[in-house]
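I open this notebook to record what I looked up in the structure. The entries follow the order of my queries.

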Amino acid sequence: MKTITTTDALASFCAEAATHPYVTVDTEFLRERTYYSKLCLVQLAMPGTTDDTAVLVDPLADGLSLAPLMDLFRDESVVKVFHAARQDLEIFYVDHGVIPQPMFDTQVAAMVCGFGEQVGYETLVKRIAKSGLDKSSRFTDWSRRPLSDAQKTYALADVTHLRQIYEFLAEKLEQTGRHRWVAEEVALLTNPETYITRPEEAWKRIKTRSSSPRFLAIVRELANFRERYAQDRNIPRSRVYKDDALVELASTKPQNHDDLGRSRLLLREARKGDIADGILAAVKTGLNLPKEDLPQVDTSRDKLQVNPALADLLRVLLKAKTESAGVASKLIAPAADLDAIAAGLRDVDALRGWRREVFGEDALKLCEGRIALAAKGKDVAVIEL
């Protein structure tokens, strides 16, 4: 098992990889104690079966630069193959401003090819590579050195089996003509906007029971402060204060440090110093905002008049279409989208792109009474009216 610890060795491997049609990539990282992921290991494999076609790259090695790898990621003649790429891509974009192009995600491809919802790598290894994985090293501390042989073996398996999985799925997509389907999904993963966290929008992730604009204004300011504080110090946002404490603060509206001391959910460290001052300033800002600047929750979907019978028919149609096409149903339309269509909305993902071809066109025809559904043995048939 070869571990690369110098920039020259990495450049040599990447130069060789650039002569191949693809390279498989995976990472190991830590995020429990930081806001941003700490990259601890990069695994790479070229097509082939010999020992020198797969390597481990140690980004923690003194003096090693990942610049040659970033050049390979920019090389559009080489496909970069990942499984469930989102977290890996986020690391490379945040650390280096680079998103690998072109990119192939075997999890997305497997869902398009009928392997089920959010199919795991281990499942694909068993079903396609006909092999097993030793997962005992999965939750080890990847920042500690030296790495054990078990860790290295586990890490390399994440890119060596990936070669066979990629080749199988790529051939399957070629046979079915579904490359464009995967490309539409990958376009979302390779969009830099996917990995940009804007503190002023952090409040939208907070679950609250109240839709009061003034309450939401305080939630927004508290979430904004927490996000900026966590980013600046590279600590988890939960180390500043957790969501339940944030909602409590927005409800109790503390005006001074004594008020903070009466909080049930606020961490002790947050009741003093910079965090306490930031909380009080955020609450004050939220309370003093003019009405026209208060946030509003989009409740339009909550008021939709859903036709329950039509929604049920759309679910039957979706099941029939996905079974026929061999595509994971959740990849096409979640239940909320089906209800939205049944209520008359048309601005939903299920009615766009490749999803419209597989399901959306017939969904609209069903809503308009132009097709019917009928039982045909164990299957459901679509009948033109």
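**Loop entries: backbone exceptions**

I located A84 in the loop between β5 (79-82) and α3. The model is predicted, and I keep that in view for every value below. I then read the backbone torsion of A84: its phi is positive, about 50°, although A84 is not a glycine. I note for context that most residues other than glycine have a negative phi, and that most peptide bonds are trans.

I next looked up cis peptide bonds. The bond from Q101 to P102 is cis, with omega near -15°. I placed P102 in the loop that runs between α3 (86-96) and β6 (103-105). I recorded a cis bond also between R145 and P146, where omega is about 5°. P146 belongs to the loop between α5 (121-129) and α6 (149-176).

I stayed with the loop between α5 and α6, since G132 is found there. I asked which residues G132 touches when those up to four places away in sequence are not counted. They are V125 and H161. I also took the C-alpha to C-alpha distance from G132 to I165: it is 13 Å, for a separation of 33 residues in sequence.

**Domain entries**

I retrieved the domain division of the protein: domain 1 covers 2-195, domain 2 covers 199-293 and domain 3 covers 301-384. I computed the separation of the centres of domain 2 and domain 3 over C-alpha atoms and obtained 41 Å.

I consulted the UniProt record, an unreviewed entry, which carries the annotation "domain: HRDC" for residues 212-293. For that span I find 63% helix and 0% strand. The end C-alpha atoms of residues 212-293 lie 13 Å apart.

**Helix entries: α12 with α15**

I examined helix α12 (residues 308-325) against helix α15 (residues 353-367): their axes come within 10 Å and cross at roughly 150°. Angles over 145 degrees count as roughly antiparallel, and therefore α12 is roughly antiparallel to α15. I logged the crossing of α12 and α15 as right-handed.

I listed the contact residues. From α12 they are L310, L313, L314, L317, L318, K321 and A325, and these meet V358, F359, D362, A363, L366 and C367 in α15. I sorted the contact of α12 with α15 by class and counted eleven nonpolar, no polar and two charged residues.

**Helix entries: α12 with α14**

I turned to α12 and helix α14 (residues 335-342), whose axes come within 9 Å and cross at roughly 130°. At that angle α12 is oblique to α14. I logged the crossing of α12 and α14 as right-handed. On the α12 side the contact is made by L310, A311, L314, R315 and L318, and on the α14 side by A335, L338, D339, I341 and A342. By class I counted eight nonpolar, no polar and two charged residues in the contact of α12 with α14.

**Helix entries: α7 with α15**

I closed with helix α7 (residues 179-189), which packs with α15 at an angle of about 130°, the axes being 8 Å apart. I therefore entered α7 and α15 as oblique to each other. Which residues of α7 meet α15? I found R180, W181, E184 and E185, which meet G353, W354, R355, E357 and V358 in α15. I divided the residues of the contact of α7 with α15 into three nonpolar, one polar and five charged.

I add a cross-reference on V358 of α15: this residue meets α7, and V358 is also among the residues of α15 that meet α12.

Key:
Residues numbered from 1 in each chain as written. Predicted model: local features only at pLDDT ≥ 70, side-chain atom pairs only at ≥ 80, totals over all residues. Heavy atoms only, no water. Domains from an automatic or database assignment. UniProt positions renumbered as here; feature names shortened; annotations may be inferred. Helix = DSSP H or I, 4+ residues; strand = E, 2+ residues; numbered from the N terminus. Axes fitted to C-alpha atoms, helices over the stretch in contact; angles between N-to-C directions. Parallel < 35°, antiparallel > 145°, perpendicular 65-115°, else oblique. Left-handed = near helix turned anticlockwise from the far one by under 90°. Contact = heavy atoms within 4.5 Å. Nonpolar A, V, L, I, M, F, W, Y, C, P; charged D, E, K, R; others polar.
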